[in-house]
Amino acid sequence: ETVFDENFLMTIATIGAIVLGEYGEGVAVMLFYQIGELFQSYAVGKSRRNISDLMDIRPDSAHLETEAGLCTLHPEKIPAGSIIQVQAGEKIPLDGVVMEGTSSLNTAALTGESLPMDVQPGSAVQSGVINLSGLLRIRTTQPFETSTASRVLALVENASSRKARSEHFIARFARVYTP
């Protein structure tokens with residue numbers, strides 16, 4: 001990074017206040033800066049907790065139909081084109097198309113929609129939504145890495161690691177203003 005950041009500015013301001021004999025001003029600069037850092041760390045912590053709560057949309061297992069019967073696997077191990085079963089109350093682990101069964105889906109975790117969505121054979125379904133009422137047989141259309149739930153989580157994680165446009169502006173301004 002750069003030497004001329006907000007930490008450097010706070011250090012220079014504090015040293016300047018002490019050199020000028022304004023000890024109260026120096027303490028105030030340090031105190032207000034630390035309070036700002038405390039609020040920032042609280043906001044970041046809350047954001048991380050919200051992201052971890054969002055991780056709940058990612059399903060942990062899927063019931064794959066095989067010639068030997070049902071096999072429970074992690075969704076990452078199921079290729080596109082496989083047939084899975086999703087029982088009432090379970091999250092749909094992979095994007096796909098309903099082959100058999102009718103049900104209502106709770107899509108609130110992905111879309112925020114409070115009304116259930118009805119599905120029947122031929123309906124496209126997304127991973128991360130909850131099957132509310134019936135047994136569904138689903139032909140998967142995508143691998144786990146490119147499923148809706150995985151893409152949403154990746155976008156959220158990447159967005160939290162990027163700085164906002166205003167943060168970039170302030171950083172550029174500080175590079176010029178601080179010296």
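**Entry 1: the six-stranded sheet**

I began with the sheets and found an open one of six strands in the order 2-1-3-9-4-7, its pairing antiparallel. I note here that the model is a predicted one. I then looked up the edges of this sheet: strand 2 (69–73) and strand 7 each pair on one side only.

I went through the strand pairs next. Strand 1 (residues 62–66) runs antiparallel to strand 2, and five bridges join the two. Two residues lie between strand 1 and strand 2, which form a hairpin. Within this pair I looked up two positions. Histidine 63 has threonine 72 of strand 2 as its bridge partner, and glutamate 65 stands opposite leucine 70 in strand 2.

Further along the sheet I checked strand 4 (residues 96–100). Strand 4 pairs with strand 9 (residues 136–140) over four bridges in the antiparallel sense. Strand 4 is also joined to strand 7 (residues 124–125), by two bridges, and this pair too runs antiparallel. I used valine 97 to follow both pairings. The bridge partner of valine 97 in strand 9 is arginine 139, and in strand 7 the partner of valine 97 is alanine 124.

**Entry 2: salt bridges**

How many salt bridges does a search of the whole structure find? I noted two.

For one of them I looked at glutamate 65 and arginine 137, whose closest N and O atoms are 2.6 Å apart. Glutamate 65 belongs to strand 1 and arginine 137 to strand 9, so this salt bridge ties together parts that are 72 residues apart in sequence.

The other entry I made is for arginine 137 and glutamate 100, whose side chains meet in a salt bridge at 2.8 Å, N to O. This pair links distant parts of the chain, with arginine 137 in strand 9 and glutamate 100 in strand 4, 37 residues apart. Salt bridges with shared partners thus join Glu65, Glu100 and Arg137 into one network.

I then looked up how accessible the three residues are. Glutamate 65 has a relative accessible area of 24% and is partly exposed. Arginine 137 is at 21% relative accessibility, so I entered arginine 137 as partly exposed. Glutamate 100, at 44%, also counts as partly exposed.

**Entry 3: threonine 140**

I stayed with strand 9, where threonine 140 is found. Is threonine 140 buried or exposed? Its relative accessible area is 3%, and because buried means under 20%, I entered threonine 140 as buried.

I looked up what surrounds this residue. Neighbours within four places in sequence aside, threonine 140 is in contact with Pro79, Ala80, Gly81, Ser82, Ile84, Leu94, Asp95 and Gly96. To one of these, proline 79, there is an approach I noted separately: the side chain of threonine 140 reaches the backbone oxygen of proline 79 at 3.1 Å.

**Entry 4: the three-stranded sheet**

I turned to another open sheet, which three strands form in the order 6-5-8 with antiparallel pairing. Strand 6 (117–119) and strand 8 (130–131) stand at the edges with a single partner strand each, so one side of each is left without a neighbour in the sheet.

I checked the pairing of strand 5 (residues 103–106) with strand 6: the two run antiparallel and three bridges join them. For a position within this pair I took leucine 105, whose bridge partner in strand 6 is methionine 117.

**Entry 5: a nonpolar surface patch**

Last, I looked at the surface. Which residues make the nonpolar surface patch of about 540 Å²? I listed Val27, Leu31, Phe32, Ile35 and Phe39.

I followed up phenylalanine 39, which lies in helix 2 (residues 23–54). Phenylalanine 39 has a relative accessibility of 58%, and since exposed means over 50%, I entered phenylalanine 39 as exposed.

Definitions and conventions. Residues are numbered from 1 along each chain as its sequence is written. This is a predicted model: local features need pLDDT of at least 70, side-chain atom pairs count only at pLDDT 80 or more; totals for chains, interfaces and linings use all residues. Side-chain values use heavy atoms; hydrogens and water are left out. Two strands pair if DSSP finds at least two bridges between them. Patches are made of residues with over 30% relative accessible area and no salt bridge: like charges are joined within 9 Å, nonpolar side chains (Val, Leu, Ile, Met, Phe, Trp, Tyr) within 5 Å. Accessible areas come from the Shrake-Rupley method with a 1.4 Å probe; for residues, only the protein chains shown count as cover. A salt bridge is a side-chain nitrogen of Lys or Arg within 4 Å of a carboxyl oxygen of Asp or Glu. Buried means under 20% relative accessible area, exposed over 50%, partly exposed in between (1.4 Å probe, protein chains only). A polar contact is a pair of N or O atoms within 3.5 Å; within protein, one must be able to donate a hydrogen and the other to accept it, and residues adjacent in sequence count only if both atoms are side-chain atoms. Contact means heavy atoms within 4.5 Å.
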